[in-house]
Amino acid sequence: MDMSTIHVCGGNTLCGEVDIQGSKNAALPVMAASLLIKGKTVLKNCPVITDVEHMQKLLEAVGCMITKSGRTMEIDASDICATSFPTEHANVMRSSVVLIGALLGRMGEISICYPGGCVIGKRPIDFHLDILGQMGVEFSEENGCIAARAGKSENRKVMLPFPSVGATENAILYAAASGCAYQISGCAREPEIIELCEFLNRSGARIAGAGTSVITIIGVKKLSEICYRIMPDRIVAGTYLLAGVMTRGLVVLNQAPCDYLSGVFEVLGEMGADLAIAKDWVCLNGENANRSVRYIKTEVYPGFPTDMQSMFMAALSISQGCSILEETIFENRFQVVDELKKMGADIHVIGRRAMVCGVKKLRGTVVEAKELRGGAALLLAGLSADGDTYIKNDVFIRRGYENIVRDLKLLGAKIEEE
Ligand code: UD1
């Protein structure tokens with residue numbers, strides 16, 4: 001475990017402008033989609049984060065030639081040789097599950113191995129296997145690995161059991177260059193799905209309905225080389241808006257995906273933040289953003305995003321009054337609670353609900369990031385706390401933020417990487 005620590009000296013009111021990086025959750029499936037193109041894909045605005053590095057390694061492991069220069073990535077998938085990912089990458093494979101649909105689409109067969117052969121674990125992939133199965137993929141188990149083979153399916157109409165983001169992406173990736181037509185219902189409607197379909201369509205795919213729950217794909221035989229700019233990251237944008245809220249500051253975000261932030265804007269408004277929203281920038285005045293909210297429930301898009309839940313928890317822990325947060329997507333997303341409590345937060349968890357009662361101030365102490373968004377939440381808490389906060393394990397934060405320390409410094413925070 002990387003033990004580097006972020007040191008935040010709390011109490012500064014943030015004021016300034018920052019550019020929003022490219023989207024992690026858009027970049028990863030688009031990188032996987034490059035496997036379907038027998039030639040070059042150029043991605044612009046590709047975020048420089050460790051999750052993208054992991055995906056790069058997996059693509060290279062199956063034969064892609066990749067060059068990177070800053071935020072531009074060139075992927076040459078002319079010669080794909082392998083139909084499986086080397087086991088040393090099995091751990092990171094979990095977060096790159098969309099490679100299943102993409103590599104199956106390209107090669108017609110793949111084998112998926114997990115350490116200990118455990119597939120149905122903490123982050124199950126049953127929905128992925130279910131939808132691909134409906135589309136004709138045949139699975140068999142061999143020595144703890146799953147062998148998958150593209151088959152003929154009479155099912156042209158298939159349905160997801162739950163609007164899983166990754167499973168929707170896997171189905172799209174599998175179908176896009178299959179030469180067959182599919183209508184997929186029960187799809188996730190996240191902006192990152194729209195982005196993936198936009199990328200594929202510009203490369204010659206025929207996909208309609210992205211952003212709705214029914215997506216129709218007329219599979220083509222061939223996709224062409226393409227240069228594509230990745231959309232800005234809506235969760236990073238939400239993070240920096242909350243930095244403004246927590247320090248009662250004034251924050252301007254440039255290159256912000258405002259169209260996709262309405263659920264977040266709504267709750268910020270409820271908290272008393274003053275927002276000026278343009279197409280691709282937003283200005284937040286957090287001077288009076290000190291109100292609690294009655295109830296927030298995480299939901300599939302367009303509902304309130306689970307990825308923002310722990311950061312709002314941090315912000316609400318210094319608001320006036322009590323708020324209820326309900327987590328309905330991932331049951332283990334309250335790991336940050338104990339760390340926030342160390343900083344003096346008043347939070348009670350009962351099952352999937354947390355009651356957050358605002359305290360006057362949090363106090364700085366040593367805390368530990370346990371996952372990506374919870375880590376960012378602790379950093380936000382540190383910005384507003386009395387004294388110094390040390391956030392250990394910033395390796396989790398670097399999975400999704402290019403350089404959160406640099407960005408918050410730009411906004412006037414006293415923050416260092418140690
Ligand atoms: C994606 C995002 C993640 C975000 C999540 C929900 C990426 C890389 N990650 O994750 O940041 O928090 O959407 O917006 O885009 N599930 C199953 N079986 C499956 C698949 C999922 O039970 O086969 C469950 C999950 O455990 C979870 C829920 O379904 O409880 C939603 O998961 P899903 O929408 O698939 O999220 P991801 O695609 O993994």
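Which polar backbone atom lies 3.2 Å from an oxygen atom of the ligand? In this predicted model, the atom in question belongs to Pro 124, and the views below begin with the ligand before turning to other parts of the chain.

**View 1. Polar atoms of the protein beside oxygen atoms of the ligand.** Besides the backbone of Pro 124, which places a polar atom 3.2 Å from a ligand oxygen, the backbone of Ile 329 has an N or O atom at 2.5 Å from an oxygen atom of the ligand. A side chain takes part as well, for an N or O atom in the side chain of Asn 25 is found 3.0 Å from an oxygen atom of the ligand. On its own the ligand has 740 Å² of accessible area, and the protein covers 83% of that area.

**View 2. The shell of residues around the ligand.** The ligand is surrounded by 17 residues, of which Asp 126, Phe 127, Ser 164, Asp 307 and Ile 329 are the closest. Sorted by class, this shell holds seven nonpolar, five polar and five charged residues. Two elements, helix H5 (126-134) and helix H6, each give two or more residues to the shell, and the largest share, three residues, is that of H5.

**View 3. The packing of helices H4 and H6.** Two packed helices are described by the angle between their axes and the distance between the axes. Helix H4, which spans residues 99-107, packs with helix H6, residues 165-176, at an angle of about 10 degrees, and their axes are 7 Å apart. Angles under 35 degrees count as roughly parallel, and H4 and H6 are therefore roughly parallel to each other. From H4 the contact draws on Leu 99, Ile 100, Gly 101, Ala 102, Leu 104 and Gly 105, while Asn 170, Leu 173 and Tyr 174 come from H6. By class, six residues of this contact between H4 and H6 are nonpolar and three are polar, with no charged residues.

**View 4. The cis peptide bond before Pro 302.** Tyr 301 and Pro 302 are joined by a cis peptide bond, with omega at about 10 degrees. Pro 302 belongs to the loop that runs between strand S17 (295-297) and helix H10 (309-316). As background to this view and the next, most residues other than glycine have a negative phi, and most peptide bonds are trans.

**View 5. The backbone at Asn 45.** Although Asn 45 is not a glycine, its phi is positive, at about 60 degrees. Asn 45 is located in the loop between strand S3 (40-44) and helix H2 (50-61).

Terms used:
Residues are numbered from 1 along each chain as its sequence is written. This is a predicted model: local features need pLDDT of at least 70, side-chain atom pairs count only at pLDDT 80 or more; totals for chains, interfaces and linings use all residues. Side-chain values use heavy atoms; hydrogens and water are left out. Axes are lines fitted to C-alpha atoms, for helices over the stretch in contact, and angles run from 0 to 180 degrees between N-to-C directions. Helices (H or I, at least four residues) and strands (E, at least two) are DSSP runs, numbered from the N terminus. Angles under 35 degrees count as roughly parallel, over 145 as roughly antiparallel, 65 to 115 as roughly perpendicular and the rest as oblique. Contact means heavy atoms within 4.5 Å. Ala, Val, Leu, Ile, Met, Phe, Trp, Tyr, Cys and Pro count as nonpolar, Asp, Glu, Lys and Arg as charged, and the others, Gly among them, as polar. A residue is near a molecule or strand if one of its heavy atoms lies within 4 Å of it. A polar contact is a pair of N or O atoms within 3.5 Å; within protein, one must be able to donate a hydrogen and the other to accept it, and residues adjacent in sequence count only if both atoms are side-chain atoms. Accessible areas come from the Shrake-Rupley method with a 1.4 Å probe; for residues, only the protein chains shown count as cover.
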